[in-house]
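Student: I should like to learn how to read a ligand site and strand pairing in a model of this kind. Might we take the features one at a time?

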Amino acid sequence: METPSAQRRLRYVIIGAGMAGLLAAIKLQERGEADITIYEKGDSIGGTWRENRYAGLTCDVPAHAYTYSFAPNPDWSRFFASGAEIKRYFEAVAVRYNITRFIHFNTEIMSCTHTTAGWELTLNDGSHDRADVVIAATGVLHHPNIPALEGIEEFAGEAFHSARWKDGISFSGRRAGIIGGGSTGVQLLCALVEGADHVVHFNRSPQWIMPVKDFAYSAEERRMFRENPQLIEAIRNGEEYWNGVMRFNKAIIEPDSPEMAEIEAILLQNLEQSVTSPELREKLRPTYRAACKRLIYSERYYESIQNPKAILETDAIARIEPKGVRMKSGVLHELDVLVLATGFKADRFVRPMTVLGQNGADLNQVWAKRPTAYLAVSIPQFPNFFLLNGPTGPVGNFSLIDIAERQWGYIEQLLEPIRAGRFSQVAPRPETLADYEERRKVAARKTVFASGCTSWYLDDEGIPSTWPWSYSRFAEEMAHARLEEYDYA
Ligand code: NA7
């Protein structure tokens with residue numbers, strides 16, 4: 001192993017100061033790299049936890065498992081942390097690891113162009129920068145999906161997307177509507193129903209609901225976590241959490257497995273036992289298999305939708321009128337506030353940034369049909385351009401932090417020959433990606449995500465754009481990079 005001083009010094013540019021961008025900076029600094037810049041188009045860190053501030057926002061991965069492995073947090077207030085608490089965690093980690101000094105806020109990278117001297121970057125103020133290595137940590141669900149609802153601009157009340165939350169908005173005594181029944185819509189309904197005059201949940205495809213208990217950690221428990229870090233380890237790396245992850249993973253990749261049958265039984269029982277009115281129960285019964293859409297964890301949705309102040313509306317929306325939402329049935333729901341919990345354009349990734357690779361390759365064209373990356377991390381003809389949580393990574397109720405950490409470990413292996421001065425750039429071979437995509441699609445068609453529903457997991461052909469194999473296989477692949485699959489130059 002060469003000493004760092006014998007190694008080639010590289011300049012690293014990280015795009016995005018969310019969870020993955022901060023991770024990359026911390027890891028680079030840890031190994032003695034000094035030439036690091038993070039460009040962040042927002043005015044603060046936190047990525048998805050900065051963008052999403054809606055009422056009731058929590059992460060559905062247990063808080064102690066949704067932390068960096070190297071920065072456990074004994075102070076989580078609940079089993080499932082709120083979005084605001086998670087954002088504070090990332091801010092505290094950035095300060096503790098002294099990486100805020102690398103961040104340029106309010107700075108958007110407009111283009112990255114590969115040249116013989118590395119990557120040339122153009123920023124939103126027209127200035128330029130360069131990098132030997134670009135790490136795109138631009139997030140997965142970032143660009144709101146705003147459906148083309150006829151008449152929305154004529155709505156007399158307030159209407160906004162869940163990721164464009166109006167800070168300080170009051171729902172007290174107001175008539176609210178929520179369009180969308182994914183994790184966001186479900187969390188919003190639970191948070192708003194008590195305070196509002198009433199809430200209409202426009203949920204055209206009700207989802208399966210996994211009843212997972214959330215609870216607060218007492219001051220005593222937090223003290224114990226502080227004094228005995230192994231108690232935190234026992235949660236994040238303990239059998240209970242990982243067995244759950246592995247069982248769920250087996251279920252989604254083998255929909256006919258006993259593991260899936262077990263999950264289906266829990267979900268069915270939850271619906272049957274929690275919803276008393278037979279009519280409401282039928283309206284809430286999904287018409288597709290469990291976990292086909294991303295499984296929703298909620299202890300409170302069925303209770304909240306049975307609140308006399310909640311109205312479940314499963315009909316199709318005809319149009320938005322000044323007074324409210326008109327259904328195809330003719331019914332008009334008069335509203336003061338309408339929240340679009342309509343999800344995100346999940347296929348964007350680094351776009352709309354322009355990325356020009358070797359031989360004039362334009363990422364916008366390369367990804368015109370759908371985004372792809374070898375093992376979710378790198379793209380042929382785009383040397384030294386790496387993605388964290390890029391297309392085809394494992395998604396589906398797993399900790400994206402754990403995934404990004406493993407991906408980072410993989411990128412480190414790819415960079416080793418470059419740092420050692422033997423080469424200056426690396427990109428996967430085109431045939432490597434083509435072969436991976438072929439195998440991946442065959443496996444993806446067998447997952448539960450392809451069992452007959454719509455979701456943000458599916459690409460333009462209806463094929464899940466996810467990691468279709470086991471989580472253990474992902475961990476294994478990330479731990480042992482096969483450098484022979486790459487072109488080094
Ligand atoms: P999701 O899970 O993509 O859910 C979006 C919801 O919005 C879903 O229920 C959609 O119904 C609904 N939707 C979208 N367009 C329309 C229109 N035009 N009319 C009515 N309903 C519509 O987004 P979330 O924000 O809840 O969650 C995203 C992820 O964030 C989540 O999976 C976690 O990873 C965290 P559809 O299912 O298409 O019938």
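Student: Which polar side-chain atom lies 2.8 Å from an oxygen atom of the ligand?

Tutor: In this predicted model, one looks for pairs of N or O atoms within 3.5 Å. Arg 204 supplies the side-chain atom at 2.8 Å from a ligand oxygen. The side chain of Ser 205 also places a polar atom by an oxygen of the ligand, at 2.3 Å. From Ala 341 the contributor is a backbone N or O atom, 3.3 Å from a ligand oxygen. Of the 780 Å² that the ligand exposes when taken alone, the protein buries 80%.

Student: How many residues surround the ligand, and which are the closest?

Tutor: A residue is counted here if one of its heavy atoms lies within 4 Å of the ligand. The count is 18, and the closest are Gly 181, Thr 184, Ser 205, Lys 293 and Arg 294. Sorted by class, this shell holds 9 polar, 6 nonpolar and 3 charged residues.

Student: Where does the ligand lie with respect to the domains, and why?

Tutor: One asks which domains give residues to the shell. Domain 1 (12–143 + 345–488) and domain 2 (152–340) both do, so the ligand lies between them.

Student: Let us turn to strands. In what order do the 3 strands of the open sheet stand, and what is their pairing?

Tutor: One follows the bridges from strand to strand. The order is β14-β15-β16, and the pairing is antiparallel. The edges are β14 (317–321) and β16 (332–334), each of which pairs on one side only. On average, neighbouring strands of this sheet are turned by 20° against each other, direction ignored. Between β14 and the antiparallel strand β15 (residues 324–327) there are 4 bridges; in one of these pairings, Ile 317 has Met 327 of β15 as its bridge partner.

Student: Which strands pair with β4, and in which sense, parallel or antiparallel?

Tutor: Each partner should be read separately. Strand β4 (residues 109–115) runs antiparallel to β5 (residues 118–123), and 6 bridges join the two. These strands form a hairpin with 2 residues between them. Within this pairing, Ser 111 has Thr 122 of β5 as its bridge partner. With β18 (residues 354–356), β4 pairs in the parallel sense over 3 bridges.

Student: Which residue of β18 does Cys 112 stand opposite?

Tutor: The residue opposite Cys 112 in β18 is Val 355.

Key
Residues are numbered from 1 along each chain as its sequence is written. This is a predicted model: local features need pLDDT of at least 70, side-chain atom pairs count only at pLDDT 80 or more; totals for chains, interfaces and linings use all residues. Side-chain values use heavy atoms; hydrogens and water are left out. A polar contact is a pair of N or O atoms within 3.5 Å; within protein, one must be able to donate a hydrogen and the other to accept it, and residues adjacent in sequence count only if both atoms are side-chain atoms. Accessible areas come from the Shrake-Rupley method with a 1.4 Å probe; for residues, only the protein chains shown count as cover. Ala, Val, Leu, Ile, Met, Phe, Trp, Tyr, Cys and Pro count as nonpolar, Asp, Glu, Lys and Arg as charged, and the others, Gly among them, as polar. Domain bounds come from an automatic or database domain assignment. Two strands pair if DSSP finds at least two bridges between them. Axes are lines fitted to C-alpha atoms, for helices over the stretch in contact, and angles run from 0 to 180 degrees between N-to-C directions.
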